[in-house]
Amino acid sequence: MDPNNPNLKTRTTPQYALYQRENFWKLNDGEVSLFNTDPGHLEDLAKAKLTQNGWFYASSNAGQSHTHTANRQAFYRHRIIPRMLVDTNKRDTATSIFGHQVPAPIGFAPVGINKIYHPQGELPVASAAGELGLPYCLSTAGSQPIEDVGAANDSGAKKGREGEGSAVRFFQLYMPHDDELTRSLLQRAVDSGFTACILTLDTWQLGWRHDDVATSNYAFYHGIGADLGLSDPVFQKRMKEKGIDPRTQPNEAGAMWIDNVWHGRAHTWEKAVWAMKLWKELSGKKPFCLKGIQSVEDAKMSVERGFDGIVVSNHAGRQVDGAVASLDALEKIVDAVGDKTYIMYDSSVRSASDVFKALALGAKFVFVGRLWIWGLSIMGETGVRHVMRSLLAELDILMNVAGFQNIGQITRDALETGSKDYSLMNVPSKL
């Protein structure tokens with residue numbers, strides 16, 4: 001494509017589509033693209049890089065993967081209707097989320113235990129997100145201290161074209177039943193520059209994942225990945241009370257931490273409201289959202305109780321097998337409360353067309369997870385950056401060739417939708 005396209009001067013964000021040209025030109029300089037970012041190829045490359053248990057933890061879904069299958073089939077039943085002769089030279093991918101101007105409606109979903117995929121864990125991911133100017137969400141199950149992740153995110157932002165000062169980052173909370181510990185985690189997030197909190201509702205306990213159970217694949221019980229918790233002053237006090245030394249008893253310390261987080265004891269709406277009020281108190285009334293909403297009734301209850309937003313998500317099929325497809329849930333929830341709350345989407349996103357379809361069905365923002373996990377596994381921070389720049393380029397090009405000038409034009413009128421005639425047959429996870 002012509003690098004002097006007038007779109008380069010009229011938009012507020014990088015012309016991401018030029019990443020395609022950059023990769024096409026590489027051979028002239030004796031180079032090749034870093035790796036193929038087709039989702040299927042990404043999975044194959046990551047599987048070759050990871051240990052068996054690393055691969056199992058990243059790829060396993062609940063039960064027979066029927067929810068993951070339904071997630072993918074839901075994307076297939078929607079088809080984009082391209083428009084021609086639209087002046088997409090006046091094109092921009094920019095949007096906003098909770099008052100933050102961001103270059104695209106795409107963020108880094110919270111994913112735990114990144115040290116399984118790379119020795120530096122969340123740090124290269126947070127850095128890449130900051131450099132790209134995309135919102136980053138840190139999981140409570142993260143394998144680096146909150147403070148270090150925040151610093152890496154800011155450092156990346158200072159390197160990036162979009163980075164001016166602090167990056168945009170959110171803290172995803174798995175809420176302990178220890179209120180003092182919850183307060184400590186949230187205070188650390190506030191002090192480290194996290195500007196919103198997202199409480200995950202569907203993972204008080206991990207879903208039944210056959211491969212992980214069969215291989216005793218629980219990193220925290222084997223001394224890996226508990227750094228976010230082990231660095232917490234309240235949790236350090238709890239370990240001391242129990243007589244556990246994390247230096248000599250890493251397995252016991254890791255188990256004690258994760259048993260406080262994925263504890264198997266459900267919370268209630270009242271407790272979620274308590275957490276929201278605590279976050280508002282500590283953060284100066286910054287946004288507090290709920291992740292894992294799948295029913296219209298729960299979406300309405302979140303609005304009634306004053307939560308700032310919801311993430312429509314079924315944890316990409318990793319928690320409840322045989323559940324409703326997240327994209328189908330999105331459609332109904334948007335119809336019910338789309339004008340009353342900020343709706344985000346998460347689950348089984350594999351491409352720019354998936355992002356487009358979620359936006360068209362009413363999501364304001366889309367989080368992706370496994371795509372950048374594969375990139376991290378393959379080539380660290382460089383791999384994360386390559387995967388996400390490719391996704392941004394794909395979205396930019398999609399808007400160009402399909403005739404959409406801005407994110408606001410992506411509505412349901414852009415889709416032709418078929419029936420929900422999903423089969424129950426399992427399909428490979430790479431689809």
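Lining of the largest cavity first. By class, 15 residues there are nonpolar, nine are polar and six are charged. Keep in mind that this is a predicted model. The volume of this largest cavity is about 430 Å³. In all, 30 residues line the cavity, and those closest to its centre are Pro110, Val111, His315, Ala316 and Arg318.

Which elements supply at least two residues each to that lining? They are α4 (52-59), β11 (365-368) and α17 (370-402).

Now the count. How many cavities of 30 Å³ or more does the structure hold? Two. The second largest cavity has about 40 Å³ of space. Its lining consists of Ala109, Pro110, Cys137, Ile198, Lys291, Val311, Asp346 and Phe367. Six of these count as nonpolar and two as charged, with no polar residues. Note Pro110: this residue is among the closest to the centre of the largest cavity, and Pro110 also lines the second largest one.

Back to α17, which supplies at least two residues of the largest cavity's lining. This helix packs with α16, residues 352-360. The angle is about 60 degrees, and the axes lie 8 Å apart. Why call the pair oblique? Because an angle of about 60 degrees makes α16 oblique to α17. The crossing of these two helices is right-handed.

Who makes the contact? From α16, Ala352, Ser353 and Phe356. From α17, Leu391, Glu394, Leu395 and Leu398. By class, the contact of α16 with α17 has five nonpolar residues, one polar and one charged.

Terms used:
Residues are numbered from 1 along each chain as its sequence is written. This is a predicted model: local features need pLDDT of at least 70, side-chain atom pairs count only at pLDDT 80 or more; totals for chains, interfaces and linings use all residues. Side-chain values use heavy atoms; hydrogens and water are left out. On a 1 Å grid over the protein atoms alone, a cavity is a set of points where a 1.4 Å probe fits but cannot get out, and a pocket is an open set with protein on both sides within 12 Å along at least five of seven lines; lining residues have an atom within 4 Å of a point. Grid points are joined across faces, edges and corners, and a volume is the space filled by probe spheres set on the points. Helices (H or I, at least four residues) and strands (E, at least two) are DSSP runs, numbered from the N terminus. Ala, Val, Leu, Ile, Met, Phe, Trp, Tyr, Cys and Pro count as nonpolar, Asp, Glu, Lys and Arg as charged, and the others, Gly among them, as polar. Axes are lines fitted to C-alpha atoms, for helices over the stretch in contact, and angles run from 0 to 180 degrees between N-to-C directions. Angles under 35 degrees count as roughly parallel, over 145 as roughly antiparallel, 65 to 115 as roughly perpendicular and the rest as oblique. A crossing is left-handed if the near helix is turned anticlockwise from the far one by less than a right angle, and right-handed if clockwise. Contact means heavy atoms within 4.5 Å.
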